[in-house]
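Biologist: I have a fold to look over before I go back to the bench. Can you walk me through it, one question at a time?

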Amino acid sequence: MDTNHVYRTTDETIFAVANGTIEHRFDLDTIDKSADEYMAFVAEQRGWAQRQYGFAAYLDRIAEVI
């Protein structure tokens, strides 16, 4: 099962979405973690099949539409 992790920057929340359903919601402020720490945790626990994260990923998305 593929799980997508979606980071909503407006309220520091990460959603783990599988099969179109939100499986988990992580409020980074509540768990006292940064997005970087969350990414490292997932990488350590299960790894990433595909990872698009950070400023470089943002620039890649912009380049795709130009």
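**Fold, core and charge pairs**

Modeller: Start with the order of elements: along the sequence, the pattern reads β-β-β-α-α-α. Keep in mind that this is a predicted model.

Biologist: How many helices and strands does the protein have?

Modeller: The pattern β-β-β-α-α-α puts the strands ahead of the helices. Counting each kind gives three helices and three strands.

Biologist: In what order do the strands lie in the sheet?

Modeller: The sheet is open and has three strands, with antiparallel pairing. Strand 1 (3-8) and strand 3 (21-27) stand at the edges, each with a single partner strand, so one side of each has no neighbour in the sheet. From one strand to the next, the twist averages 20°. The order is 1-2-3.

Biologist: Which residue of strand 2 is the bridge partner of Val6?

Modeller: Strand 1 and strand 2 (residues 13-18) run antiparallel, joined by six bridges. In strand 2, the partner of Val6 is Phe15.

Biologist: Which helix gives the largest share of the largest nonpolar core?

Modeller: That core has five residues: Ile14, Leu28, Ala35, Tyr38 and Val42. Three residues of this core come from one helix, the largest share. That helix spans residues 35-45 and is helix 2.

Biologist: Which residues does Val42 touch, leaving aside those up to four places away in sequence?

Modeller: Val42 belongs to the largest nonpolar core. Beyond its sequence neighbours up to four places away, Val42 touches His5, Gly47 and Trp48.

Biologist: What share of the protein's residues is buried?

Modeller: Buried here means under 20% relative accessible area. The protein has 66 residues, and the buried share is 17%.

Biologist: How far apart are the closest N and O atoms of Asp11 and Arg8?

Modeller: Side chains of opposite charge can pair when their charged atoms come close. Asp11 is partly exposed, at 28% relative accessible area, and Arg8 is partly exposed too, at 34%. The two form a salt bridge, with the closest N and O atoms 2.7 Å apart.

Biologist: Which residues are joined into one network by salt bridges that share partners?

Modeller: Asp11 also forms a salt bridge with Arg25, at 3.9 Å from N to O. This pair links distant parts of the chain, 14 residues apart: Asp11 lies in the loop between strand 1 and strand 2, Arg25 in strand 3. Arg25 is exposed, with a relative accessible area of 51%. The shared partners join one network of Arg8, Asp11 and Arg25.

Conventions:
Residues numbered from 1 in each chain as written. Predicted model: local features only at pLDDT ≥ 70, side-chain atom pairs only at ≥ 80, totals over all residues. Heavy atoms only, no water. Helix = DSSP H or I, 4+ residues; strand = E, 2+ residues; numbered from the N terminus. Buried < 20%, exposed > 50% of the residue type's maximum accessible area, 1.4 Å probe, protein only. Core = buried A, V, L, I, M, F, W, Y, C linked by side-chain atoms within 4.5 Å. Contact = heavy atoms within 4.5 Å. Pairing = 2+ DSSP bridges. Axes fitted to C-alpha atoms, helices over the stretch in contact; angles between N-to-C directions. Salt bridge = Lys/Arg side-chain N within 4 Å of Asp/Glu carboxyl O.
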